[in-house]
Amino acid sequence: MALTIYDSMAREKRVFEPADPDRVTMYVCGPTVYSYAHIGNARSAVAFDLLYRVLRARYGADHVVYARNITDIDDKIIKAAQETGDPIDAITKKFAEIYRADMGALGVIRPDLEPKATGHVGPMISMMERLIEKGAAYAAEGHVLFSVDAYAEYGKLSGADRDEMIAGARVEVAPYKKSPADFVLWKPSKEGEPGWDSPWGRGRPGWHLECSVMIASELGETIDIHGGGQDLRFPHHENEIAQSACAHDGAPLARYWMHNGFLRMGADKMSKSLGNIVLAHDLLKDWHGEVVRWALLSAHYRQPLEWTEELLKQSKKQLDRFYRLLGEIPFTEETGAAPDSIMLALEDDLNTPEAFAGLHELRDIAGQVEGDAKQKAISRLRDAGRLMGFFNEDPVEWKKFGVSIEDRSVLDKKVSEYDEARKNKNYQKSDQLRAEITMEYPVSIETTGGVTNWVFKPKTDSES
Ligand code: AMP
Ligand code: ZN
């Protein structure tokens with residue numbers, strides 16, 4: 001079966017054919033590391049992680065090269081350093097590590113390459129020199145600007161009207177721009193700001209240039225898939241396309257473009273500037289990463305996704321049901337190939353709603369058989385979920401997630417006291433113990449098949 005993806009440039013689903021199936025290349029614009037990632041940023045990382053997994057399953061893990069950059073030079077980072085008094089490299093190192101850990105908890109596989117902008121300033125200077133030589137860029141007052149008129153196809157990706165874009169840019173036109181739509185490749189650094197020596201003086205690169213250069217250095221002039229959030233189509237990706245094509249004699253930057261939809265809070269896009277953000281880092285204290293991942297993948301990646309507490313609760317409930325079944329076979333990290341039904345759904349432009357339906361179906365099948373057949377069916381279900389980044393937890397651990405190691409042994413003791421009192425029909429004592437335990441710890445007490453145990457219940461869960 002073919003893999004089809006929605007190409008934002010062609011504005012239609014296209015059959016994906018890599019230039020070289022032995023080396024499939026993808027690039028996703030990564031985080032600017034000056035603070036914590038919010039759950040909208042995580043949506044982008046998780047959506048493209050799923051694509052990466054599907055490509056690896058299809059072409060072989062050794063035949064896919066995924067690069068996601070780290071933007072470690074940016075005005076927002078400089079501002080954070082000024083505000084906190086911490087050195088820039090301490091800030092970027094800290095938040096890059098937190099980003100990796102948080103995304104790891106969400107089941108995001110680490111990309112093969114994580115280029116840092118500060119590691120590519122030399123090639124950025126070379127690209128600007130080339131662009132100036134070709135008449136696609138010019139230097140002015142310590143800046144280097146890209147001349148939008150040099151690229152006839154500017155605006156093709158976003159569909160933005162050229163005149164409108166120019167009108168939009170006109171609001172605050174810097175005097176050194178030849179045309180209002182021209183954008184900055186390089187700008188001068190003030191005293192005390194980080195900077196690199198260049199033919200145009202001491203300065204630093206603009207964000208758009210960084211990606212074009214890292215793609216060329218790490219993956220090549222033309223890559224298979226370029227991804228990012230919908231908000232990056234214009235101007236960021238439009239500018240990447242123009243720079244790269246002009247620097248590389250017209251070679252297109254990417255053969256397919258993919259953009260994820262917004263995660264919203266109510267009617268608004270979740271964004272730092274609106275202040276309506278929920279940090280992935282905070283959510284992961286209360287919810288298992290697979291729960292958050294489930295919630296993020298519950299809508300198709302191109303559709304908007306409304307973020308609610310209810311969505312998290314529902315996601316946990318569903319995963320709990322799957323884990324109950326998974327607990328019926330021995331836990332192993334070994335994973336087999338995913339069943340066709342799941343692969344087919346995901347190969348249809350990452351159709352996660354369809355893939356989730358496939359998981360439910362596999363669970364129903366496992367529920368209808370017994371013995372060996374049941375073990376096999378559960379194992380198939382596990383392989384299916386794992387392709388999507390789920391069911392990697394030991395089911396025993398799953399139930400206890402969120403409770404510290406120290407609390408676990410205390411809880412074990414208290415719950416067995418409770419159970420004893422209950423078995424002795426000392427209900428006054430057992431009721432009191434239950435109330436104490438559930439009030440003091442984020443757990444509920446469950447008795448299934450005659451065995452009583454405690455189960456983690458996020459403190460955000462309302463009592464039922
Ligand atoms: P930023 O750090 O703002 O450059 O964003 C990192 C990635 O997250 C980019 O691919 C953005 O397009 C994406 N992104 C930012 N906000 C949202 C959102 N609310 N929903 C989905 N993706 C987002
Ligand atoms: Zn980029």
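**Exercise 1. The zinc site**

Are Cys 29 and Cys 211 buried or exposed? Work that out, then describe the zinc site around them.

Solution. Keep in mind that you're looking at a predicted model.

- Step 1: start with the two cysteines. Both Cys 29 and Cys 211 turn out to be buried.
- Step 2: list the donors. The zinc ion (ligand 2) is held by SG of Cys 29, SG of Cys 211, NE2 of His 236 and OE of Glu 240, at 2.0 to 2.2 Å.
- Step 3: read the spacing along the sequence. For the zinc ion (ligand 2), the donor residues follow the pattern C-x181-C-x24-H-x3-E.
- Step 4: place the cysteines. Cys 29 is in the loop between strand S3 (24-28) and helix H1 (39-59), while Cys 211 belongs to helix H6 (residues 207-218); the two are 182 residues apart, so this pair links distant parts of the chain.
- Step 5: check the geometry. The angles among the four donor atoms run from 79 to 129°. A tetrahedral call needs all angles between 85 and 135 degrees, and the site of the zinc ion (ligand 2) comes out as irregular.

**Exercise 2. Around ligand 1**

Find out how many residues surround ligand 1, then pick out some polar contacts.

Solution.

- Step 1: count the neighbours. Ligand 1 has 14 residues around it, and the closest are Gly 40, Gly 229, Asp 231, Leu 263 and Met 270.
- Step 2: look at the oxygen side. An oxygen atom of ligand 1 sits 3.2 Å from a polar side-chain atom of Asn 41.
- Step 3: now try nitrogen. The side chain of Asn 260 has an N or O atom 3.2 Å from a nitrogen atom of ligand 1.
- Step 4: don't forget the backbone. A polar backbone atom of Met 270 is 2.9 Å from a nitrogen atom of ligand 1.

**Exercise 3. An aromatic cluster**

Which residues do ring pairs link into a cluster with Trp 294? Pull out two of the pairs and look for charges over the rings.

Solution.

- Step 1: survey the rings. The whole structure holds 16 aromatic pairs.
- Step 2: take one of them. Trp 294 and Phe 322 lie 5.6 Å apart, centre to centre, with 50° between the planes, and count as tilted.
- Step 3: locate that pair. Trp 294 is in helix H9 (residues 289-297) and Phe 322 in helix H10 (residues 309-326), 28 residues apart. Trp 294 and Phe 322 are both buried.
- Step 4: take another. Phe 390 and Phe 391 also form a tilted pair, at 6.5 Å centre to centre and 50° between the planes. Both of these Phe residues are buried too.
- Step 5: join the links. Ring pairs tie Trp 294, Phe 322, Tyr 323, Phe 356, Phe 390, Phe 391 and Trp 398 into a cluster.
- Step 6: add the charges. Arg 293 is over the face of Phe 390, 5.9 Å from the ring centre, and Arg 363 is over the face of Phe 322, at 4.6 Å.

**Exercise 4. Backbone oddities**

Work out where Glu 141 and Leu 350 lie, and check their phi angles and burial.

Solution.

- Step 1: recall the background. Most residues other than glycine have a negative phi, and most peptide bonds are trans.
- Step 2: check Glu 141. Its phi is positive, about 50°, and Glu 141 lies in the loop between strand S5 (137-140) and strand S6 (143-146). Glu 141 is exposed because its relative accessibility is 60%, over the 50% cut-off.
- Step 3: check Leu 350. Phi is again positive, about 50°, in the loop between helix H11 (340-347) and helix H12 (352-368). Leu 350 has a relative accessible area of 3%, so it counts as buried.
- Step 4: look for a cis bond. One joins Phe 234 and Pro 235, with omega about 0°; Pro 235 is part of helix H7 (residues 233-247).

Terms used: Residues numbered from 1 in each chain as written. Chains lettered and ligands numbered in written order. Predicted model: local features only at pLDDT ≥ 70, side-chain atom pairs only at ≥ 80, totals over all residues. Heavy atoms only, no water. Phe/Tyr/Trp six-rings, centres within 6.5 Å; stacked < 30°, edge-to-face > 60°. Helix = DSSP H or I, 4+ residues; strand = E, 2+ residues; numbered from the N terminus. Buried < 20%, exposed > 50% of the residue type's maximum accessible area, 1.4 Å probe, protein only. Lys NZ or Arg CZ within 6 Å of the ring centre and 35° of its normal. Donors = N, O, S within 2.8 Å, 3.2 Å for Na, K, Ca; no water. Tetrahedral: all angles 85-135°; square planar, octahedral: opposite > 155°, others 65-115°. Near = heavy atom within 4 Å. Polar contact = N/O pair within 3.5 Å; in protein donor to acceptor, adjacent residues only side chain to side chain.
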